[in-house]
Amino acid sequence: RHPAVNTAGRLSLSGLAGLLSLSSLVISNDTGPLHLARAVGVPTIGIYWIGNLINGGPLTVSRHRAHFSWRIHCPACGKSCIDTDCAHPDSFVSEVPVFEVMHSAFELLGSRLPEPAPLTETVF
């Protein structure tokens, strides 16, 4: 209902905590703001790479959900990134299904996920 406002670099840490505390739900990749939202009591959905989920995922699922990717090889070069990093910026979590994240969001917000509209025409 309102246009997005870019607050990057414009809020202090306490300002960000205050802004997040006003949220009904925070959906984010595994970043500081996700953990800060959880710390101020906001329900969260985190999108994690499996290695980071083990170290930084939520401890409970009552108000927090974790979606994750099992990808351990770089999508660009195929190198295993368990022990070392490669220089490619490709996402390791792009395979996390949007529908599953949406389902968790509606669940945490106490709503039902709308039924998809029936397909009436195939467009190529």
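# Sheet, helix and cores

User: In this predicted model, which helix lies across S1, S2 and S3, and at about what angle to S3 does the helix run?
Analyst: Residues 98–108 form the helix that lies across S1, S2 and S3. Those three strands make up an open sheet with parallel pairing. The helix is H4, and its angle to S3 is about 175°.

User: OK, what's the strand order in that open sheet, and which strands stand at the edges?
Analyst: The order reads S1-S2-S3. Strand S1 (26–29) and strand S3 (64–69) each have a single partner strand, so one side of each has no neighbour in the sheet. Neighbouring strands are turned by 15° against each other on average, direction ignored. The edge strands are therefore S1 and S3.

User: How many bridges join S2 to S3, and which residue in S3 is the bridge partner of tyrosine 48?
Analyst: S2 and S3 run parallel, and six bridges join them. One of the pairs there is threonine 44 with histidine 64 in S3. For tyrosine 48, the partner in S3 is phenylalanine 68.

User: And on the S1 side, what is the bridge partner of isoleucine 27 in S2?
Analyst: S1 and S2 pair in the parallel sense over four bridges. Serine 28 has glycine 46 as its partner in S2. For isoleucine 27, the partner in S2 is isoleucine 45.

User: What handedness does the β-α-β unit of S2, H3 and S3 have?
Analyst: Start with the other unit, where S1, helix H2 (residues 32–39) and S2 go together as a right-handed β-α-β unit. S2, H3 and S3 also make a β-α-β unit, and the handedness there is right-handed.

User: How many of the six residues of S2 are buried?
Analyst: Take one side of the strand, where Thr44, Gly46 and Tyr48 are buried. On the other side, Ile45, Ile47 and Trp49 are buried, so to speak filling in the second face. In a regular strand, side chains alternate between the two faces of the sheet. The count for S2 is six of six.

User: Why are the buried residues of H4 on the same side, and what arc do they cover?
Analyst: The buried residues in H4 are Val101, Ser104, Ala105 and Leu108. What covers them includes S1, S2 and S3. An α-helix has 3.6 residues a turn, so residues three or four places apart point the same way. The buried set of H4 sits on the same side because its arc around the axis is only 100°.

User: Which residue follows H4, and near what value is its phi?
Analyst: The residue that follows H4 is a glycine with a positive phi. That is glycine 110, with phi near 75°.

User: How many residues are in the largest nonpolar core, and which strand and helix each supply at least two of them?
Analyst: The largest nonpolar core includes Leu34, Tyr48, Trp49, Ile50 and Leu53. Leucine 34 is in contact with Tyr48, and with Ile45 and Gly46 too, among others. A second, separate core of seven residues includes Ile45, Ile47, Val96 and Leu108. The largest core has eight residues, and the suppliers of at least two each are strand S2 (44–49) and helix H3 (50–56).

Key:
Residues are numbered from 1 along each chain as its sequence is written. This is a predicted model: local features need pLDDT of at least 70, side-chain atom pairs count only at pLDDT 80 or more; totals for chains, interfaces and linings use all residues. Side-chain values use heavy atoms; hydrogens and water are left out. A nonpolar core is a set of buried Ala, Val, Leu, Ile, Met, Phe, Trp, Tyr and Cys residues joined through side-chain atoms within 4.5 Å. Buried means under 20% relative accessible area, exposed over 50%, partly exposed in between (1.4 Å probe, protein chains only). Contact means heavy atoms within 4.5 Å. Two strands pair if DSSP finds at least two bridges between them. Axes are lines fitted to C-alpha atoms, for helices over the stretch in contact, and angles run from 0 to 180 degrees between N-to-C directions. A crossover is right-handed if, with the strands pointing away from the viewer, the path from the first strand over the helix to the second runs clockwise. The arc is that of the directions from the helix axis to the C-beta atoms.
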